[in-house]
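Work through the exercises below with the model open. Try each task before reading its solution.

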Amino acid sequence: MLLLLLLFALSQGRPAYEAFLRWLQLPAIVAVSGVILMATVYHTATWFRLTSHILVVRLGRRVVPRGVVTFGLVTLWLALSAAVAYFTIWFAR
Amino acid sequence: MAEETMTLRVARYRPEHGPDQYFDEFEVPVREDMVVLDALNHIKDDLDGSLTYRWSCRMGVCGSCGMMVNGVPRLTCSTFLREFDSEPIVVEPLENFPVIRDLVIDMSDFLEKLKEVKPWVIREKEGLVEEGEYLQTPEEVDTYKQFSMCINCMLCYSACPVYGQDPEFLGPAVIALARRYDLDSRDQGRSQRDEVLGVDWGIWDCTFVGECSVVCPKDVDPAAAIQRTKVSTTTREMLSLVWPFETRPRSTPGEAPR
Amino acid sequence: MRERPTETGGLSLDEVLVDSEREITEEKRDLYLILPSRELVFWALFSAGGMVAAFLIPINVAILGIALAVGWLPEDALSFERVLELVRHPLAKVYLGILVVMPLYHWAHRFRFAVHHQVGIHGWKRLVATLCYGTAVVGTALTVWVLLRI
């Protein structure tokens, strides 16, 4: 939702966009974002745990243990997050 | 030596005496390693012979003695009295099922649904006895073994909030058992079970609460069975849009599977 | 006991249900054939949306919601010119489209079941489903529109 608003502001031109960025930095909004961030991380953690129950990865005769699947998902998550951060913040500056 | 006792609060329902459920309290002498079922047997033997309940193997393999113990679905033969710090220990009939009498519930809904998914090996054409058995490798057994451990105790139905609200729901054990047969390399009946599983009150009613797997005394993990069925059904439907041919290899009697 | 089938093997749904006392009416059986694929689609969208949400949303919220305000971002990282440039790239539009749209369907499916199971409203199934998925569809349309405009 946040992104949709950002994109909309972007499409309205510089003043609208910069006003939106300022709005994002209001303390009340930051507080809400903090709560949302905790909620999404919790969602990610529980989602990965559930996925490890469902995902059966077979290597020849053996099955990958659940903990390893979770670990793999978390690693993938960190890698993707880093990539997103790179593109959002540093790429083509 | 003063004998240690514990108090059990047991739900009673005797339709010939009255329409309501009520509770009786019994003080039961305890031995070390005593289980709730032992206490119930003591009550029936020495205190109140009218108490009615199901039990059989008393070792956690028959699935008969499922009841609510302090609000949690348990096998009473595997629930030790020493687990409990406070008394009385409350014993009630398995939740989400109609009560016939005292601690005995009506399981016909479960049995009907179980029949619907055809929990047996289905062959397109039965082999002849002379041709020998359908062979199976240990790896092939491993694919479905976990789901074959179900003892039909129905604790998962008591734990499932969806079944509690929507009695149409097929339920965890039925779906897990259906999957057990779908995964069995000797079985050729998956499409027939798909008809039953793919309805709104089949696999799609499940919201992966996961309580069924938590209470399962045999670690069947029906929640995983259901979610994996959702995944495999979805992938199969998506793939069939581009490749409408059956892909799983079949085994015939006497032949080692490919 | 039923005889062991010889030529044709497996039994049809009808043959098993003859023994069953459960009332499966003709009406319901016709629904069997139509509805399954619909629930399947909703669930598939829910799953995909959940994957997208689990992997990509935390970092995006962290950057836009926290890092910006707290001053962890380099100067001009999110300047109008730079962001506009980035967003105009077709790959970026695809990425943003997926990032915004998929979680909407994840929310819709979850919310629909929460209304029925947690809040306890058991009727109005069609209405609740239409409102939930409808909202997601509207969100999809808005996102596509905005992305095309930039």
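A salt bridge is a side-chain nitrogen of Lys or Arg within 4 Å of a carboxyl oxygen of Asp or Glu. Keep in mind that this is a predicted model.

**Exercise 1. Describe the interface of chain C and chain A: salt bridges, polar contacts and buried area.**

Solution.
- Step 1: Apply the salt-bridge rule. It finds 0 salt bridges across the interface of chain C and chain A.
- Step 2: Turn to polar contacts. Here 7 residue pairs qualify, with both residues at pLDDT 80 or more.
- Step 3: List the contacts. 46 residues of chain C touch 43 residues of chain A.
- Step 4: Take the area. The two chains bury about 3800 Å² between them, and carbon and sulfur atoms carry 78% of it.

**Exercise 2. Find which elements of chain C give two or more residues to the side that touches chain A, and sort that side by class.**

Solution.
- Step 1: Name the elements. They are α2 (26-70), α3 (80-88), α4 (90-119) and α5 (125-149) of chain C.
- Step 2: Pick out the largest share. It comes from α2(C), with 20 residues.
- Step 3: Sort by class. This side of chain C has 35 nonpolar, 7 polar and 4 charged residues.

**Exercise 3. Decide how α2(A) and α3(C) are oriented: roughly parallel or roughly perpendicular?**

Solution.
- Step 1: Read the geometry. Helix α2 (residues 14-24) of chain A packs against α3(C) at an angle of about 105°, and the axes are 10 Å apart.
- Step 2: Apply the cut-off. Angles of 65 to 115 degrees count as roughly perpendicular. Therefore α2(A) is roughly perpendicular to α3(C).
- Step 3: Name the residues. α2(A) uses A:Arg14, A:Tyr17 and A:Glu18, while α3(C) uses C:Phe80, C:Glu81 and C:Val83.
- Step 4: Sort this contact by class. It has 3 nonpolar, no polar and 3 charged residues.

**Exercise 4. Describe the interface of chain B and chain A, and say which three residues of chain B supply the most area.**

Solution.
- Step 1: List the contacts. 9 residues of chain B meet 6 residues of chain A.
- Step 2: Take the area. About 670 Å² is buried between chain B and chain A, with 63% from carbon and sulfur atoms.
- Step 3: Find the main suppliers. B:Glu139, B:Phe208 and B:Arg228 give 62% of the area that chain B buries against chain A, more than any other three residues.
- Step 4: Place the elements. α3 (138-148) and α9 (222-242) of chain B each give two or more residues to this side. α9(B) gives the most, with 4 residues.
- Step 5: Sort by class. The side of chain B that touches chain A has 4 nonpolar, 2 polar and 3 charged residues.
- Step 6: Count the polar links. Chain B and chain A show 0 salt bridges and 3 residue pairs in polar contact.

Note on methods. Residues are numbered from 1 along each chain as its sequence is written. Chains are lettered from A and ligands numbered from 1 in the order in which they are written. This is a predicted model: local features need pLDDT of at least 70, side-chain atom pairs count only at pLDDT 80 or more; totals for chains, interfaces and linings use all residues. Side-chain values use heavy atoms; hydrogens and water are left out. Contact means heavy atoms within 4.5 Å. Buried area is the accessible area (1.4 Å probe) that two parts lose on being put together, summed over both. A polar contact is a pair of N or O atoms within 3.5 Å; within protein, one must be able to donate a hydrogen and the other to accept it, and residues adjacent in sequence count only if both atoms are side-chain atoms. Ala, Val, Leu, Ile, Met, Phe, Trp, Tyr, Cys and Pro count as nonpolar, Asp, Glu, Lys and Arg as charged, and the others, Gly among them, as polar. Axes are lines fitted to C-alpha atoms, for helices over the stretch in contact, and angles run from 0 to 180 degrees between N-to-C directions. Angles under 35 degrees count as roughly parallel, over 145 as roughly antiparallel, 65 to 115 as roughly perpendicular and the rest as oblique.
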